[in-house]
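Hi,

Here's the structure I promised to pass on to you. Have a look at it first, then read my notes underneath.

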Amino acid sequence: MREIQEQIQRHINALVSAGAETGVQVAVYQDGALIVDAVAGTADPATGRPITSATPIFSFSTGKNVAATLAHLLVARGFLDYDSLVTDLWPEFGVHGKATATLRHVLTHTVGLPAMPREITPGELPDWSRVCASLAAAEPRWRPGTATGYHSYTFGYLVGELARRATGQPMYELLREWITVPLGIEGQLYFAVPKESLPGLARLEQQARQWPADPDDADAILAPWESRPSADFGNNGEILRADIPSVAIATAHGLAAMHNAVLQGKLVDSARLAELSALAFEGVDQVFGNPARMALGFPIGRMGAPAEENSVAFGWPGGGGSYAYADPARGVAFALTKTRLVPDFDTALSVTAILADYLAGAR
């Protein structure tokens with residue numbers, strides 16, 4: 001344990017010292033034990049406030065891991081089935097050929113609504129009712145269940161509206177009641193940060209080096225704000241306080257602890273774990289054009305894993321460089337969060353490579 005903790009701590013210290021990163025958190029559980037809890041750098045370069053393992057960081061789509069986990073808890077607790085029709089709870093969603101959509105389609109990003117309707121901009125995201133009404137009225141890009149395509153911001157609202165209608169509670173309340181309080185990680189995973197907790201968050205910064213240009217194609221599926229992370233967005237107080245469950249404010253420890261609880265049977269039983277982590281849809285992502293292998297709520301395969309590993313890990317990265325996954329084959333739950341937004345995952349890949357080498361040597 002001490003060896004891998006020291007290796008990763010040295011590595012992220014070096015990244016910060018070299019100026020490649022500003023603030024980084026890494027947490028790893030193996031077989032239920034916390035083997036890495038490493039931090040380096042500052043939470044706010046303007047003040048020099050140091051980052052700690054308890055400092056929440058806005059981590060973009062890494063938050064989809066949390067929304068997907070809550071969806072499985074809805075099923076485990078009998079509120080929904082994976083093949084429940086969305087219209088059973090949300091009748092107005094059924095227009096324009098969406099009447100066949102199910103929770104399974106939502107979780108596999110096959111429901112056909114990858115992008116927000118164009119009338120929804122970041123300023124509308126805190127207005128839950130308006131966003132959900134727009135999604136209900138929208139025409140899908142494909143018949144639900146026939147293709148997959150990354151549902152950037154729509155995913156959290158689709159899961160969240162089903163959750164709200166099934167339980168009467170918003171996602172931020174379910175997160176607290178079903179995950180953070182039972183696991184003892186309050187203040188480490190948020191949808192909708194309480195106002196009094198805002199000063200304790202890390203501040204994001206945008207890497208100055210060149211980002212890929214926005215597509216010129218007016219028919220691009222995602223709007224630029226949906227496909228590109230922004231420090232201004234992640235530092236915006238109104239966004240931070242809103243329930244937007246496609247993104248989350250999290251510590252690496254909180255994310256890893258949640259994934260560890262899934263692996264250890266604390267949130268779902270072994271049969272549910274096997275079902276949620278199995279291949280549920282395979283195809284070409286209609287948004288990005290890459291091959292996609294989807295479990296229920298998560299992409300399958302550890303990012304950066306060699307093909308011969310046949311990785312069965314599942315979990316989402318987040319725009320700007322964060323990453324969290326669970327690996328049932330190795331009993332590993334991993335998370336990395338960071339304050340500097342960059343157009344690659346080099347830091348996450350370098351840390352997971354160190355971890356993979358350690359695990360290979362430990363076997």
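**What I found**

Let's begin with a pocket: by class, the lining of the second largest pocket has seven nonpolar, two polar and four charged residues. Keep in mind while you look around that this is a predicted model. The space in the second largest pocket comes to about 210 Å³. There are 13 residues lining it, and Tyr172, Arg176, Thr180, Tyr190 and Pro194 are the closest to its centre. Two elements, helix 7 and strand 5 (189–190), each give two or more residues to that lining. Helix 7 provides the largest share, with six residues.

**Helices 5, 6 and 7**

Now follow helix 7 (residues 171–183) to its neighbour, helix 6 (residues 154–167). A quick bit of background: a pair of packed helices is described by two things, the angle between their axes and the distance between the axes. For helix 6 and helix 7, the axes come within 9 Å and cross at roughly 75 degrees. Helix 6 and helix 7 are therefore roughly perpendicular to each other. Which residues meet there? On the helix 6 side you'll find Val159, Gly160, Ala163 and Thr167, and they meet Met171, Leu174 and Trp178 of helix 7. Sorted by class, the residues of this contact are five nonpolar, two polar and no charged.

Helix 6 also packs against helix 5 (residues 128–137), at an angle of about 105 degrees and with the axes 10 Å apart. That makes helix 5 roughly perpendicular to helix 6 as well. Helix 5 brings Trp128, Val131, Cys132 and Leu135 to the contact, while helix 6 brings Thr154, Gly156, Tyr157, Leu158, Gly160, Glu161 and Arg164. Here the classes are six nonpolar, three polar and two charged. If you'd like one residue to click on, try Gly160 of helix 6, which takes part in the contact with helix 7 and in the contact with helix 5.

**The sheets**

Strands of a sheet pair through backbone hydrogen bonds, and the pairing can be parallel or antiparallel. One open sheet here has six strands in the order 3-2-1-12-11-10, with antiparallel pairing. Strand 3 (49–50) and strand 10 (317–318) stand at its edges with a single partner strand each, so one side of each has no neighbour in the sheet. Strand 10 is joined to strand 11 (residues 322–327) by two bridges, and Pro317 has Tyr323 of strand 11 as its bridge partner.

Two helices to look for on these strands: helix 1 (residues 2–17) lies across strand 1 (23–30) and strand 2 (33–44), at about 15 degrees to strand 2. Helix 11 (residues 252–263) lies across strand 1, strand 2, strand 11 and strand 12 (332–338), and runs at about 160 degrees to strand 12.

Another open sheet has three strands in the order 4-7-5, and its pairing is antiparallel. Strand 4 (57–58) and strand 5 are the edges, each with a single partner strand, so one side of each is left without a neighbour in the sheet. Two bridges join strand 5 to strand 7 (residues 249–250), and Leu189 stands opposite Ala250 of strand 7. Strand 5 should sound familiar, as it also gives residues to the pocket lining we started with.

Have fun exploring!

Methods:
Residues numbered from 1 in each chain as written. Predicted model: local features only at pLDDT ≥ 70, side-chain atom pairs only at ≥ 80, totals over all residues. Heavy atoms only, no water. Axes fitted to C-alpha atoms, helices over the stretch in contact; angles between N-to-C directions. Helix = DSSP H or I, 4+ residues; strand = E, 2+ residues; numbered from the N terminus. Parallel < 35°, antiparallel > 145°, perpendicular 65-115°, else oblique. Contact = heavy atoms within 4.5 Å. Nonpolar A, V, L, I, M, F, W, Y, C, P; charged D, E, K, R; others polar. 1 Å grid on protein atoms, 1.4 Å probe; cavity = no way out; pocket = protein on both sides within 12 Å on 5 of 7 lines; lining within 4 Å. Points joined across faces, edges and corners; volume = space filled by probe spheres on them. Pairing = 2+ DSSP bridges.
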